[in-house]
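Visitor: I am new to this structure and would like to learn how to read it. May we go through it one feature at a time?

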Amino acid sequence: MRRLLLMMFAVVGLGGCDGVPFLRGCTLIGCGDGLTVVLANAPAGAFAVEVRVPGAVARRQECASAAACETMRFDGVVAAEATVAIITPAGEVTRTVRPEYVVSRPNGPDCEPTCRQARVTVSAS
């Protein structure tokens, strides 16, 4: 029995911890990249908010009221600069933002995934 235990420790010691997430301290928490837009001075009535990044398809969220869309998350948006458009029946207001992304590794410093998330506040007026 003692010989079996010594052999097991030797195999783990020689192989290291790479490839064995629970020995590295990794967990299996997921996360995603994205941009959160906080809307100040939202328009009355229905409106839409669109995030535009050069070279990418615009992301749009429809809002029935200001209360329904105070904070909106746009998954997958990671850009040094983006345009946020507030679109109403009366027209469109655009704001250029330069998000500062926070990098997180929820499963540990040496574990995947790596996620980038930012939060910007824009005024509709």
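Visitor: Leaving aside its neighbours within four places in sequence, with which residues is Glu50 in contact?

Guide: Please bear in mind that this is a predicted model. Apart from neighbours within four places in sequence, Glu50 is in contact with Ala58, Arg59, Arg60, Thr83, Val84, Ala85 and Ile87. Glu50 itself belongs to strand 2, which covers residues 47-52.

Visitor: Is Glu50 buried or exposed?

Guide: Such a term rests on the relative accessible area, and buried means under 20%. Glu50 has a value of 12%, so Glu50 is buried. Its side chain also takes part in polar contacts: one of 2.7 Å joins it to the side chain of Arg52, and another of 3.1 Å joins it to the side chain of Arg60.

Visitor: How does Arg73 compare with the cut-offs for burial, and where does it lie?

Guide: Arg73 is in strand 4, residues 71-75. A relative accessible area of 34% falls between the cut-offs of 20% and 50%, and therefore Arg73 is partly exposed. Its side chain makes a polar contact of 2.7 Å with the side chain of Asp75, while a polar atom of that Arg73 side chain lies 3.1 Å from the backbone oxygen of Gly32. Beyond the neighbours within four places in sequence, the contacts of Arg73 include Asp33, Leu35, Gln61 and Gln117.

Visitor: How many helices and strands does the protein chain have?

Guide: The protein chain has two helices and eight strands. Along the sequence they follow the pattern α-α-β-β-β-β-β-β-β-β.

Visitor: How are strand 5 and strand 6 joined?

Guide: A general idea helps here: in a regular strand, side chains alternate between the two faces of the sheet. In this model, strand 5 (residues 82-88) and strand 6 (residues 91-97) run antiparallel and are joined by seven bridges. A hairpin of two residues connects strand 5 to strand 6, and Val84 stands opposite Arg95 in strand 6.

Visitor: How many disulfides are there?

Guide: A disulfide is a covalent bond between the sulfur atoms of two cysteines. The count here is three. With bonded cysteines counted along the chain, the pattern is 1-5, 2-6, 3-4.

Visitor: Which cysteine is joined to Cys26, and is that disulfide left-handed or right-handed?

Guide: Cys26 is joined to Cys111, with 1.7 Å from S to S. The torsion about their S-S bond is about -80°, so this disulfide is left-handed. The two cysteines are 85 residues apart and link distant parts of the chain: Cys26 is in the loop between helix 2 (21-24) and strand 1, and Cys111 is in the loop between strand 7 and strand 8.

Visitor: What is the torsion in the disulfide of Cys31 and Cys115?

Guide: The torsion is about 85°, so the disulfide of Cys31 and Cys115 is right-handed. This pair also links distant parts of the chain, 84 residues apart, with Cys31 in the loop between helix 2 and strand 1 and Cys115 in strand 8. Cys31 counts as partly exposed at 30% relative accessibility, whereas Cys115 counts as buried at 2%.

Visitor: Which cysteine is joined to Cys63?

Guide: Cys63 is joined to Cys69, with 2.2 Å from S to S. This link is left-handed, with -105° about the S-S bond.

Visitor: Where is the cis peptide bond?

Guide: The cis peptide bond joins Glu112 and Pro113, with omega about -5°. Pro113 is in the loop between strand 7 (102-104) and strand 8 (115-123).

Definitions and conventions:
Residues are numbered from 1 along each chain as its sequence is written. This is a predicted model: local features need pLDDT of at least 70, side-chain atom pairs count only at pLDDT 80 or more; totals for chains, interfaces and linings use all residues. Side-chain values use heavy atoms; hydrogens and water are left out. Helices (H or I, at least four residues) and strands (E, at least two) are DSSP runs, numbered from the N terminus. Buried means under 20% relative accessible area, exposed over 50%, partly exposed in between (1.4 Å probe, protein chains only). A polar contact is a pair of N or O atoms within 3.5 Å; within protein, one must be able to donate a hydrogen and the other to accept it, and residues adjacent in sequence count only if both atoms are side-chain atoms. Contact means heavy atoms within 4.5 Å. Two strands pair if DSSP finds at least two bridges between them. A disulfide is a pair of cysteine sulfur atoms within 2.5 Å.
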